[in-house]
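Work through the following exercises with the sequence and the model side by side, and try each task before reading its solution.

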Amino acid sequence: MWQGYQDYCTKHRIAHSDPAGSTALQRLLAAAGLAAISLPERESWGWTLALPGSSLGLFCATEPEGMACACLRQSAPEADTAVVQRQKEGSPLTQSHYTLRCSDPVRAVEQYFEESAQMLVRLAVLDDGRGAFVQPMPGHGFGPLDGLADAELVEQCSAIGERENVKLLDEVVLFYGCRCTEEMIVNMITALPSQQRAELWQDAFSLTINCPRCGRAYTVTRA
């Protein structure tokens, strides 16, 4: 998926982030992807994080079919909030706010399940791209996985999958992409009230609009 992100940025001339931003985006994409496929019924997710003590803000979206996109955003250093939006097909959008306890995007996703979803989970993402999302059955704890460091947790989960009689429920392909199109951007502009459109255009003949989900730039000209 990270290779897909890099290919997408190259194709659409999106400036690559700095090393710190790249690491944070990688970890958020992995954690958000694991969270998305942990549910038996797929949903659309949107994660907006303002990492504490940093001007680095992150956004990541995942869709039921496995598509994911992400981008960096500016954030105030004193900000430390997370906003998570979820929506099942045919159901209303739900939104959760919480205060981040640390600047690691993986812990931010894990914290959402603990505080907002009220679910006991363990989430681990390693530098080599492997990860694990663990949720005990209702009324139970993590058992032998309790207290393990991230690397140990991933290794143990992999070993259990190979050793035990585990039933495969589903396979999901996660891939990088965005649903934005030029038509979508134009519709977004034309849907604005006339006064806002006038303030946006002023005397310009063309506008450059960045997709708020992936950062891709679109140039729109007056008809």
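The exercises below concern helix packing, open and enclosed spaces, backbone angles and one strand residue.

This is a predicted model, in which local features need pLDDT of at least 70, side-chain atom pairs count only at pLDDT 80 or more, and totals for chains, interfaces and linings use all residues. Residues are numbered from 1 along each chain as its sequence is written, and side-chain values use heavy atoms, with hydrogens and water left out.

**Exercise 1.** Describe how α2 and α3 pack, and state which residues meet.

Solution. Begin with the geometry: two packed helices are described by the angle between their axes and the distance between the axes. For α2 and α3 the angle is about 30° and the axes are 7 Å apart, which means that α2 is roughly parallel to α3 (angles under 35 degrees count as roughly parallel). The axes are lines fitted to C-alpha atoms over the stretch in contact, and angles run from 0 to 180 degrees between N-to-C directions. Helices here are DSSP runs (H or I, at least four residues), as are strands (E, at least two), numbered from the N terminus. Next, list the contacts, meaning heavy atoms within 4.5 Å: Ala24, Arg27, Leu28, Ala31, Ala32 and Ala35 of α2 meet Pro105, Val106, Val109 and Phe113 of α3. By class, this contact of α2 with α3 has nine nonpolar, no polar and one charged residues.

**Exercise 2.** Characterise the largest pocket and the second largest pocket by volume and lining.

Solution. A pocket is an open set of points on a 1 Å grid over the protein atoms alone, with protein on both sides within 12 Å along at least five of seven lines, and its lining residues have an atom within 4 Å of a point. The largest pocket holds about 1200 Å³ of space, and of its 27 lining residues Ile37, Phe133, Val166, Lys167 and Leu169 lie nearest its centre. The helix α4 gives the most to this lining of the largest pocket, with five residues, and the lining divides into 18 nonpolar, five polar and four charged residues. The second largest pocket holds about 430 Å³; its lining has 19 residues, of which Gln26, Ala30, Val125, Gly129 and Arg130 lie nearest its centre. Here α2 gives the most, with eight residues.

**Exercise 3.** Which two residues other than glycine are to be compared by phi, arginine 13 and glutamine 118, and where does each lie?

Solution. Most residues other than glycine have a negative phi. Arginine 13, in the loop between α1 (2–11) and α2 (19–37), has a positive phi near 55°. Glutamine 118, in the loop between α3 (105–115) and β6 (122–125), also has a positive phi near 55°. For the surroundings, note that arginine 13 is exposed at a relative accessible area of 80%, and glutamine 118 is exposed at 63% (buried means under 20%, exposed over 50%, partly exposed in between, with a 1.4 Å probe and protein chains only).

**Exercise 4.** Place phenylalanine 175 in the fold and list its contacts beyond its sequence neighbours.

Solution. Phenylalanine 175 lies in strand β8 (residues 175–176), and at 32% relative accessibility it counts as partly exposed. Leaving aside neighbours within four places in sequence, phenylalanine 175 is in contact with Met1, Glu65, Gly66, Met67 and Ala68.

Terms used
Angles under 35 degrees count as roughly parallel, over 145 as roughly antiparallel, 65 to 115 as roughly perpendicular and the rest as oblique. Ala, Val, Leu, Ile, Met, Phe, Trp, Tyr, Cys and Pro count as nonpolar, Asp, Glu, Lys and Arg as charged, and the others, Gly among them, as polar. On a 1 Å grid over the protein atoms alone, a cavity is a set of points where a 1.4 Å probe fits but cannot get out, and a pocket is an open set with protein on both sides within 12 Å along at least five of seven lines; lining residues have an atom within 4 Å of a point. Grid points are joined across faces, edges and corners, and a volume is the space filled by probe spheres set on the points.
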